[in-house]
Amino acid sequence: MSSYFDRLETRSAEDRAAWLAEALPAQVARAQALPGYAGSLDAIDARRIEDRAALSGLPVLRKAALGTAQAAERPFGGFATRPAAQFAHVFQSPGPLYEPGGAEPDWWRMGRFLNACGIGPGDIVQNCFGYHLTPAGTIFESGARAVGAAVLPAGTGQTELQVRAAHDLGITAWAGTPDYLKVILEKADEMEVPLGITRAAVSGGALFPALRQYYADRGIACLQCYATADLGLVAYESDAMEGMIADEHVVIEIVTPGTGTPVPDGQVGEVVVTTLNPDYPLVRFATGDLSAVLPGESPCGRTNLRIRGWMGRADQTTKIKGMFVRPEQVAQFVARHAEVSRARVVALREGDADVMVVRVETAGDDAGVYADSVAEVLKLRGRIEIVPPGSLPNDGIVVEDARKYE
């Protein structure tokens, strides 16, 4: 690791906490000054928001709310600290949602991940992330510059040309979605063109173990990161390949889906991220992704919090009997009953009809006491099943669609 990354990534917990106690209040204060946060952070004393625990009392910012704000105030909804013309780039993601991009070195912090991949001076990175409208290509190019590597801005498509360029330029490293590298390698085999790729940095899809092994068998070390267009780098793998390590300039929380309430370490929940980027201060931004905290520190020597990686989507809104049931409604039901630890709504198909089953974790045995509460909060009546505490799966799912249409 270079000294820059090593200095931050191997800090003691005390040093990291002391740094965060200064950086986090400043970021919350920046957010308070922006019109996008009007009405949500007004009563907050930013000086008191010094750590992850203090953050948990602030409201969650959801992507849907960001989209609504952007529709009212183009392009960034009042959440950026400078106007669009003062950024180097403006991107459009599906929605549409608009994101700023800075030209400052490693603005998205992707260099941290490429450094962990062993990419640096002397490498040429074939960057197969898209450059059109969306920011992924630019994000990874910025990271390559930060570690001193050259870039072939390849984008996607034209596979034969990709193979020829990789061979002619002596490409040593590759960046893109997990499965696209396999397409290029297979085309190279078909063309009988040898390639010299030894490292791959992937994101934007699932890296299945069999695919990682396929690359390893061909002499390519493949690592993945978790990043978004809004936040930049969130977490990344190292060569230890034990979970993903949080980036040094974000604060990650795992919360009960549909709420902002943190779950115990190890329990699956929704990933909520606060970025310390001063240009685009997203505070408690709900990603809609599921993950869980992985205890302990990475064997590679990096000391920051680890998560288990992407484990599915938290947006489990499901229509049952013509009515939408949302994770936040399930959370409201649980909050009404102190003796209930968790609940899970399951949509089933019995005959030609939808059936809603509500499984309630509690030490009690009387399902009937919850009938009115279920009907009032979920707007539907259903079958209530009492299950022992701790028996529901630890998968972050609170609304499960188990219907089969055959």
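This is a short talk on the core, the domains and one helix of the structure above.

Hi everyone, thanks for coming. One thing up front: what you see is a predicted model.

Let's begin with the layout. The domain assignment splits the protein into domain 1, residues 13-313, and domain 2, residues 318-401. Seven residues of domain 1 and eight residues of domain 2 make the contact. Measuring from C-alpha centre to C-alpha centre, the two domains are 34 Å apart.

So what does the interface look like? As a general point, people often express interface size as the accessible area lost when the parts come together. Here, domain 1 and domain 2 bury about 610 Å² between them, and carbon and sulfur atoms supply 60% of that. How many salt bridges cross the interface of domain 1 and domain 2? The rule finds zero. There are, however, two residue pairs in polar contact between the domains, both at pLDDT 80 or more.

Now to the inside. The largest nonpolar core has 64 residues, and the members touching the most others are Tyr37, Phe113, Ile119, Phe140 and Ile252. Helix α2, residues 13-32, gives this core its largest share, with five residues. If you'd like one residue to click on, try Ile252: beyond its neighbours within four places in sequence, its contacts are Arg52, Val234, Ala235, Ala246, Val271, Val272, Val273, Leu305 and Ile307.

Last stop, helix α10, residues 327-335. Its buried residues are Pro327, Gln329, Val330, Ala331, Phe333 and Val334. Among the elements covering them are the strands β17 (323-325), β18 (342-350), β19 (353-361) and β21 (399-401), along with helix α11 (371-378).

That's my tour, and I'm happy to take questions!

How values were computed:
Residues are numbered from 1 along each chain as its sequence is written. This is a predicted model: local features need pLDDT of at least 70, side-chain atom pairs count only at pLDDT 80 or more; totals for chains, interfaces and linings use all residues. Side-chain values use heavy atoms; hydrogens and water are left out. A nonpolar core is a set of buried Ala, Val, Leu, Ile, Met, Phe, Trp, Tyr and Cys residues joined through side-chain atoms within 4.5 Å. Buried means under 20% relative accessible area, exposed over 50%, partly exposed in between (1.4 Å probe, protein chains only). Helices (H or I, at least four residues) and strands (E, at least two) are DSSP runs, numbered from the N terminus. Contact means heavy atoms within 4.5 Å. Domain bounds come from an automatic or database domain assignment. Buried area is the accessible area (1.4 Å probe) that two parts lose on being put together, summed over both. A salt bridge is a side-chain nitrogen of Lys or Arg within 4 Å of a carboxyl oxygen of Asp or Glu. A polar contact is a pair of N or O atoms within 3.5 Å; within protein, one must be able to donate a hydrogen and the other to accept it, and residues adjacent in sequence count only if both atoms are side-chain atoms.
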